[in-house]
Amino acid sequence: MSHATGCANAPAITDPCSRCDVLLGLDAVQVEAVERDGRVMQVTVSTPWQLMGCPDCGVVAPSRGRRRRVLHDVPHGDTSVQIVWRQRRWRCPEAGCARGTFVEQVPALVPARGSLTCRAVTWALGQLRTQHATIAGLARQLGVGWWTLWRAVKPELQRLAGDPGRFTGVTCLGVDEHIWHHADTRQRGPKELTGMVDLTRDRDGRVRARLLDLVAGRSKKAYADWLVERGADFRAGVEVAALDPYGGYKSAIDDELAEATAVLDAFHVIKLGTQVVDEVRRRVQQDTTGHRGRKGDPLFGIQRLLRAGAENLTDRQLERLATAIEADQAHEEVYVAWRCAQDLRAAYRSKDTARGRDRAEKILESFHTCPIPEVARLGRTLRRWRQAFLAYFTTDRANNGGTEAINGIIELHRRLARGYHNFENYRLRMLLAAGGLTH
Ligand SMILES: [Zn+2]
């Protein structure tokens, strides 16, 4: 049979040009036929005749015909596509040569021992990265098993993850931990992972958070070791290091990123304030009524209101708050704690960061002297974190919010995949899903 150079002379064409054009984009790969059978489309391809020498000894090798190799390609709508490659075979005629028969290789079409076309692997990576796809779902669409697809995808992820170029240009670095499994730690290692996130702003000043890495454990050592591994240039480039109030990560920053400004995450500080109000309310509730809050208790009725920002409350809600506080003189403490939490919010919400910093300074000077023990404790915590707390106002509101967003993506993908058994696979998948492999 003569080799068609286009669709025109190929038999049984059902979908003339879209596929051929793309396939013919590969030099020297010609489409012989396109056939459709139900929901499977088969595209038969081959390469033209060429003089071939033995890869070992170089002697010109006579052809041994071709063999059919079925490759799985990018599906076309709900039609799965198979590339039938009539792969050339040769035999080395040299008596002393150990090579024997050998087959042609077209690396741009398919890797040496792969059954998925390069194009299908690229497509799968794109689906995993941007469409919340799962390996199981894509494998089904490609008509292959889970392992076949993962074996094809994993080396590409490893290659991308190993590229040091993805760490360049990081000026703002976030860190946070999450739990990745609830299984036996003797089998699967630590449940906690430390995640490093690139929070560098783009030219428009927007943060495009990217997961840079995941390492086992939640400790100073986990973060510090990773920072050391990145090298001196990386560490020197980090100007701002955002973190949640966890001392272990703070001392890693102090040791390894001495030149960077550590910034305590605003969201977490506000949350500490809200927790103080909750604690005071529960304590006063217990002291005044002798039981935990229940329906009908004035303080129980306002527990949600107390957690909201004052600026979001309606007049009616403020009135309800006032009524509940006035119901008992002991409730005054709850009100004071609530005001303190609101002061903290107001510092962060100041339109002008210089004014916000002034408010934050006042908090640092007053909270720790408060007669309400919960507020005083928060005051002492903030004083311990003084520099990192104030740094928010001098770093153009640097925060760890992007890191929280990345944790949301991680959680979504962990659930979609119904959990992971292998840390390295988990790391690679999360790096891909959370933008760490593309710069
Ligand atoms: Zn040979």
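Two strands are taken to pair if DSSP finds at least two bridges between them, and the legends below apply this to a predicted model.

**View 1. The hairpin of strands S1 and S2 in the predicted model.** Strand S1, residues 30-37, and strand S2, residues 40-46, run antiparallel to each other and are joined by seven bridges. Within this pairing, Arg36 has Met41 of S2 as its bridge partner. Two residues lie between the strands of the hairpin, where Gly38 adopts a positive phi near 65°.

**View 2. The whole chain, for orientation among the close-ups.** The chain contains 18 helices and 10 strands. Its radius of gyration is 31 Å, whereas the globule rule gives 22 Å for 439 residues, so the chain is more spread out than a compact globule. Taken along the principal axes, the box filled by the C-alpha atoms is roughly 100 × 50 × 45 Å.

**View 3. Three spans that carry UniProt domain annotations, each from an unreviewed entry.** UniProt assigns residues 52-97 the annotation "domain: Transposase IS204/IS1001/IS1096/IS1165 zinc-finger"; in the model this span is 59% strand and 0% helix, and its end C-alpha atoms lie 15 Å apart. Residues 104-154 are listed by UniProt as "domain: Transposase IS204/IS1001/IS1096/IS1165 helix-turn-helix", and here the model has 59% helix and 0% strand, with 24 Å between the end C-alpha atoms. For residues 173-430 the UniProt annotation reads "domain: Transposase IS204/IS1001/IS1096/IS1165 DDE"; the chain over this span is 58% helix and 11% strand, and the end C-alpha atoms are 18 Å apart.

**View 4. The packing of helix H2 against helix H4.** Helix H2, residues 118-130, meets helix H4, residues 146-161, at an angle of about 80°, and the two axes are 10 Å apart. Because angles of 65 to 115 degrees count as roughly perpendicular, H2 is described as roughly perpendicular to H4. On the H2 side the contact is made by Val121, Ala124 and Leu125, and on the H4 side by Leu149, Ala152, Val153 and Glu156. By residue class, this contact consists of six nonpolar residues and one charged residue, with no polar residue.

**View 5. The packing of helix H3 against helix H4.** Helix H3, residues 135-142, packs on H4 at an angle of about 105°, with 8 Å between the axes, and the two helices are therefore roughly perpendicular to each other. H3 contributes Ile135, Ala136, Leu138, Ala139 and Leu142 to the contact, while H4 contributes Trp146, Thr148, Leu149 and Trp150. The residues that make up the contact of H3 with H4 are eight nonpolar and one polar, and none is charged. Leu149 of H4 is thus listed in the contact with H2 and also in the contact with H3.

**View 6. The five-stranded open sheet.** The strands follow the order S8-S7-S6-S9-S10, and their pairing is mixed. Strand S8 (210-216) and strand S10 (261-264) stand at the edges with a single partner strand each, so that one side of each has no neighbour in the sheet. From one strand to the next the twist averages 25°. Strand S9, residues 240-243, runs parallel to S10 and is joined to S10 by four bridges; at this pairing, Val240 stands opposite Thr261 of S10.

Notes
Residues numbered from 1 in each chain as written. Predicted model: local features only at pLDDT ≥ 70, side-chain atom pairs only at ≥ 80, totals over all residues. Axes fitted to C-alpha atoms, helices over the stretch in contact; angles between N-to-C directions. Parallel < 35°, antiparallel > 145°, perpendicular 65-115°, else oblique. Contact = placed C-beta atoms within 7 Å. Nonpolar A, V, L, I, M, F, W, Y, C, P; charged D, E, K, R; others polar. UniProt positions renumbered as here; feature names shortened; annotations may be inferred. Rg over C-alpha atoms; globule rule 2.2 N^0.38 Å.
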